[in-house]
Amino acid sequence: MAMHEKTIAQLSASLAAGEFSSEELTRALLERVEQFNPSLNAFITITAEAALAQARMADERRRQGAAGPLTGIPIAHKDIFCTEGVRTSCGSRMLDRFIAPYNATVVERLNAAGAVMLGKTNMDEFAMGSSNETSYYGPVRNPWDLDAVPGGSSGGSAAAVAARLTPGATGTDTGGSIRQPAALCGVTGIKPTYGRVSRWGMIAYASSLDQGGPMARTAEDCALLLGAMAGFDLRDSTSVDRPAPDYAALLDPPLAGLKIGLPKEYFGEGLDSAVAQVVEEAIAEYRKMGAETVEISLPNSQLAIPAYYVVAPAECSSNLARFDGVRYGYRCENPQDLLDLYTRSRGEGFGAEVKRRILVGTFALSAGYYDAYYLKAQQIRRLISDDFRRAFAQVDVIMGPTSPTVAFNLGEKVDDPITMYLSDIYTIAVNLAGLPGLSLPAGFVGQRPVGLQLIGDYFAEDRLLNVAHRYQQVTDWHQRAPMAFA
Amino acid sequence: MTPLGTAQVAKIAHLARLAIREEDAPAYARNLSAILELVEQMNAVDTTGAAPMAHPLDMAQRLRADEVSEYDQREHFQAIAPRVEAGLYLVPKVIE
């Protein structure tokens, strides 16, 4: 088996057995990045020299007997995580020349585990998008079909993992930005419970929804990465002070007696019938493993997108106010006065979708509209959260499709924001409630992958990873590779 | 509500300190109106008595001791600023 075909767990075993060094592995993957990135556009920045230096350090650490499971494992970071001394663009012209002056906690923690950073992955601008087409650096292409989008906003991470350019990557998920691209690219990704992974150094979009998480080929690899990423961080005031379990040690319990809830709202109108069939087959596989399924109802599901498009833009309009052309980031040429400096730097530095969301948020928070929009949306958020609370009194895990369709074509929805927003119809409610969610490969419609979404109760990441891992022991969808990148 | 016009877009853009080109204003007005129409589906449900949810875990904000925890990194941070001089950020003249 070639190095790039191996999962993180397999690479970890090979490195431990001395089959190859981290430097050899890193070199091999950097060659693949160089070969394939021009057609995929999955990376914004490739950090080859720093990667090789990190790899040599990892090899040295191993010689000293201090290696852990991620020591010497190459990964990629979504370009939303600050990386000291390396451009951190967030997919925006605004930060095209921004060299981060410090590392995000997630980056620090993965560095401490000995992971090797290959580079920074492409993404929708400021994580606002579901197709990776809003990036200032151009769209990412889906390795399964270069005419298709990879999903977004963590599209570069998903495509890089699917094309075997990296065995794992970080992502962030505000309304589905880990799970939807994972589904559309046929990889596994988990959005942890809000507060599980530190947001420090992760450029903010909607602070009450944003959450970082890992993307990889298997649930086992996600468990290894999440184990390193999760945990309390004093520097993030919303970080939860609760020890992270050893996820990789909790993957194996059998699923007999597991109660799976199937929300009827996730299988109705709007769901592509071929996707529905793949999801039904995956659920049948769980029944074979001894799980029990019950129909449940999440009656306020249809309100998730309307509430999200108030809460997220409102928070984005506040968060992105910091980009003023003064302290860092893009500044317009020849500003006439201070107001001109602010407005033109922002007008020229941000792309169309970011501007739309800033404007929607500014409107929703403006005098006279607050109660009708923001307060109402927060109340809806409560109703949605209560729906899940009632469901988890009956069931252990909720299952359904991650996305209503397989990957759509580049350009297909880019001029129609509303249609684009609807591609997150099954993922957004999870962020509003703050719950953990996972997407795993469950089959194909034609050439394009289908994702199965698992939703768990608060802090049930270990359970989600266990439920995904057991499925991956009896199926091989997660082992399929796109032909051009096998 | 009635769809937004270009004058309203200009007003919101000013509040957001965002320059919008005049020729782009009609498209923003159209898109923003469509988004607000989507958002207004919220009105279909009665939320009387539902406590607004600001944070997914209903946690209280953690406090820390009022002690200096950051050290001076002015030069490091100003190295990425568009324009600085003598440790100051330069902007166009504000007072004549």
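## What counts as buried

A residue is called buried here if 20 or more other C-beta atoms lie within 10 Å of its own, with C-beta atoms placed from the backbone. By that count, 21% of the 96 residues of chain B are buried. For chain A, the figure is 62% of 486 residues.

Keep in mind that this is a predicted model. Its scores are ipTM 0.96 and pTM 0.98. Chain B has an average pLDDT of 92, and 99% of its residues score at least 70.

## Two chains, two outlines

Let's start with chain A, which is built from 15 helices and 11 strands. Its radius of gyration is 21 Å, and this agrees with the value near 23 Å that a compact globule of 486 residues would have. Along the principal axes, the C-alpha atoms of chain A fill a box of roughly 65 × 55 × 45 Å. Look at contacts in chain A between residues at least 6 apart in sequence, and 76% of them turn out to join residues at least 24 apart.

Now for chain B. How does its radius of gyration compare with that of a compact globule of 96 residues? The globule would come in near 12 Å, but chain B has 22 Å. Its C-alpha atoms take up a box of roughly 55 × 45 × 25 Å along the principal axes. There are 3 helices and 2 strands in this chain, and from the N terminus on they run α-α-α-β-β.

## Where the chains touch

The contact draws 38 residues from chain B and 54 residues from chain A. On the chain B side, the elements that give two or more residues are helix 1 (6–15), helix 2 (25–39) and helix 3 (74–78). Which of them gives the most? That would be helix 2 of chain B, with 7 residues. Sort the chain B side by class and you get 30 nonpolar, 6 polar and 2 charged residues.

## Helix 2 of chain B

This helix is worth a closer look. Helix 2 of chain B has 15 residues and reaches 21 Å from its first C-alpha to its last, close to the 21 Å expected at 1.5 Å a residue. Its buried residues are B:Tyr28, B:Ala29, B:Asn31, B:Leu32, B:Ile35, B:Leu36 and B:Val39.

What do those buried residues pack against? From chain A there are helix 9 (304–319), helix 11 (352–365), helix 12 (370–394) and helix 13 (417–421), and from chain B there is helix 1. Two of the residues just named, B:Tyr28 and B:Leu32, are among those that A:Leu359 touches. The others on the list for A:Leu359 are B:Ile12, B:Ala13, B:Ala16 and B:Leu18, leaving out residues up to four places away in sequence.

## The nonpolar core

A:Leu359 turns up again in the largest nonpolar core, which has 166 residues. Along with A:Ala307, A:Val310 and A:Val397, A:Leu359 is one of the residues with the most contacts inside that core. Helix 9 of chain A gives the most to this core, with 10 residues. Helix 9 is also one of the chain A helices that the buried residues of helix 2 of chain B pack against.

## A helix with buried arginines

Helix 10 of chain A covers residues 338–349, 12 residues in total, and reaches 16 Å from first C-alpha to last, close to the 16 Å expected at 1.5 Å a residue. Its buried residues are A:Leu341, A:Tyr342, A:Thr343, A:Arg344, A:Ser345, A:Arg346 and A:Gly349.

## Backbone oddities in chain A

The loop between strand 3 (116–121) and helix 5 (155–162) of chain A holds A:Ser153. A cis peptide bond joins A:Gly152 and A:Ser153, with omega about 10 degrees. A:Asn132 lies in the loop between strand 3 and helix 5 too. Although A:Asn132 is not a glycine, its phi is positive, at about 65 degrees.

Past helix 5, in the loop that leads to strand 4 (168–172), sits A:Arg164. Its phi is near 60 degrees, again a positive value in a residue other than glycine. Are these two residues buried or exposed? A:Asn132 has 35 other C-beta atoms within 10 Å, so it is buried. A:Arg164 has 21 such neighbours within 10 Å, so it counts as buried as well.

Note on methods:
Residues numbered from 1 in each chain as written. Chains lettered and ligands numbered in written order. Predicted model: local features only at pLDDT ≥ 70, side-chain atom pairs only at ≥ 80, totals over all residues. Contact = placed C-beta atoms within 7 Å. Helix = DSSP H or I, 4+ residues; strand = E, 2+ residues; numbered from the N terminus. Nonpolar A, V, L, I, M, F, W, Y, C, P; charged D, E, K, R; others polar. Expected span 1.5 Å × (residues − 1). Buried ≥ 20, exposed ≤ 12 C-beta atoms within 10 Å, placed from the backbone. Core = buried A, V, L, I, M, F, W, Y, C linked by C-beta atoms within 7 Å. Rg over C-alpha atoms; globule rule 2.2 N^0.38 Å. pLDDT = per-residue confidence, 0-100.
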